[in-house]
Amino acid sequence: MTGPDSRVSAALRRRFAGELGARFGSGWGDAFAAVPRHIFVPRFYAQADEGSWRAVSCGDPGYLETVYSNQALTTQLDEQGIPTSSSSEPALMLDMLDALDAREGDTVFELGTGTGYNAALLSHRLGDDSVTSVDVDPVLVEAAVHRLEEAGYRPFVTSGDGARGWPQRAPYSRIIATAALRALPAAFLAQAATGAVIVAPIGYGVLRATVTAPGHATGRFLPTPAHFMPRRTPTVAPAFDALRSVEPTDTKVAAGNVLDRLRFPLSIALAGHNSCSWRDDDGELTAVGLWTQEGSTATAHVSGAVRQIGPRRLWDVVEDLAAVFDGVPLRDEFHVTITPGRQTVSYSVSGGPSWELLGGSTP
Ligand SMILES: C[S@@+](CC[C@H](N)C(=O)[O-])C[C@H]1O[C@@H](n2cnc3c(N)ncnc32)[C@H](O)[C@@H]1O
């Protein structure tokens, strides 16, 4: 086995699994105690200064202590230094595995193999033959397969768009996604057995849905906040230049902290949107911006001036949400109903608002 002294790592891992288990009283404690995370994360990137990263490899001071702590670890960066793969925060992984409720005899499909660590935890508990994992990046898949073998696991791992599932090994009784989706992919529903549980990050929350009949499911969001890297798709640039010629309108919603406060419902109402902010030389916020894949862009200045362009008036969506939610809404008050061709998120107050999740049928 490669990596640092296994006696030290085993001791750290036992403590780490004990802390996680004590926090959650979860049946996954044995798997976290047995699976060596350091095999799957021989190197990670720590944020140095704003925008720069420092590689931390096995043998570096603090490496093992960080690997066996409750930290998400960035494991791959693109040419711009944007993270493209990571080993998620263990407590969040545990929360999602608990919600998945996988037991002996279940067959699991995972979107987002990444390092292979989650696939190893699943294999440890359910057996290699029960686990199918797909990552869009063949380089990651190759590395994950080697690390899984090194750690003694042989689940089925392959590369492809996980939003297409892997029909050759369907039906699945459990489906888990570890990259953020805009909606449940149609393939998940097509490849799920009736009664299957699906756990997937949607926007800044994690949905747990149960398949009630072919193509139908109902579910709720977990209380846990989640910020997963998005499922990889082509990106569209914001139209800030074109906005300059747009006549501003007034808004009563202060740009201040509204995007933070409404982060979760906004990630549902405007699935897959991006946002940014501008600050003056003293670090004071001056404006915020929003844009979406279909080419809509909006900016709101702290003075109340709003400019919007494109097929959707994005700031109007922010205003509508601000009118519904005074504070930060609780994720587990949002439930989801899925029928073939339609996925609706509703807020659990009588006569409360609802939103359609779009993008489930476009792999
Ligand atoms: C947070 S990481 C997954 C962590 C992983 N489960 C682990 O234990 O290390 C998200 C992963 O999703 C993958 N991904 C993004 N879009 C995908 C897609 N369309 N299909 C499959 N995998 C995808 C990324 O390449 C990345 O490795």
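This section describes the domain layout, the strand pairing and the ligand site of a predicted model.

The domain assignment divides the protein into domain 1, covering residues 6–179, and domain 2, covering residues 240–324. The centres of domain 1 and domain 2, taken over C-alpha atoms, are separated by 35 Å.

An open sheet is formed by 10 strands, arranged in the order E7-E6-E5-E8-E9-E10-E11-E17-E18-E19 with mixed pairing. Strand E7 (156–159) and strand E19 (354–356) occupy the edges; each has a single partner strand, so one side of each remains without a neighbour in the sheet. From one strand to the next, the twist averages 15 degrees. Within this order, E5 is followed by E8, and the pairing of E5 with strand E8 (residues 172–177) is parallel, extending over 4 bridges. Glutamate 110 has isoleucine 176 of E8 as its bridge partner.

An antiparallel pairing is found between strand E1 (residues 43–47) and strand E2 (residues 53–57), which are joined by 5 bridges. Here tyrosine 45 has alanine 55 of E2 as its bridge partner. The hairpin of E1 and E2 has 5 residues between the strands, and in this hairpin glycine 51 adopts a positive phi near 85 degrees.

The ligand is surrounded by 25 residues, of which Ser85, Gly112, Thr115, Asp135 and Gly162 are the closest. By class, this shell comprises 14 polar, 6 nonpolar and 5 charged residues. At least two shell residues are supplied by each of strand E4 (83–87), strand E5 (108–111), helix H6 (117–126) and strand E6 (131–135). The largest share, 4 residues, is that of E4. E5 and E6, which both contribute to the shell, are also members of the open sheet.

Polar side chains approach the ligand at several positions. For aspartate 135, a side-chain N or O atom lies 2.7 Å from an oxygen atom of the ligand. Two further approaches involve ligand nitrogen: a polar side-chain atom of aspartate 161 is 2.8 Å from a nitrogen atom of the ligand, and an N or O atom in the side chain of threonine 178 is 3.1 Å from a nitrogen atom of the ligand. On its own the ligand has 610 Å² of accessible area, and the protein covers 99% of this area.

Note on methods: Residues are numbered from 1 along each chain as its sequence is written. This is a predicted model: local features need pLDDT of at least 70, side-chain atom pairs count only at pLDDT 80 or more; totals for chains, interfaces and linings use all residues. Side-chain values use heavy atoms; hydrogens and water are left out. A residue is near a molecule or strand if one of its heavy atoms lies within 4 Å of it. A polar contact is a pair of N or O atoms within 3.5 Å; within protein, one must be able to donate a hydrogen and the other to accept it, and residues adjacent in sequence count only if both atoms are side-chain atoms. Accessible areas come from the Shrake-Rupley method with a 1.4 Å probe; for residues, only the protein chains shown count as cover. Ala, Val, Leu, Ile, Met, Phe, Trp, Tyr, Cys and Pro count as nonpolar, Asp, Glu, Lys and Arg as charged, and the others, Gly among them, as polar. Domain bounds come from an automatic or database domain assignment. Two strands pair if DSSP finds at least two bridges between them. Axes are lines fitted to C-alpha atoms, for helices over the stretch in contact, and angles run from 0 to 180 degrees between N-to-C directions.
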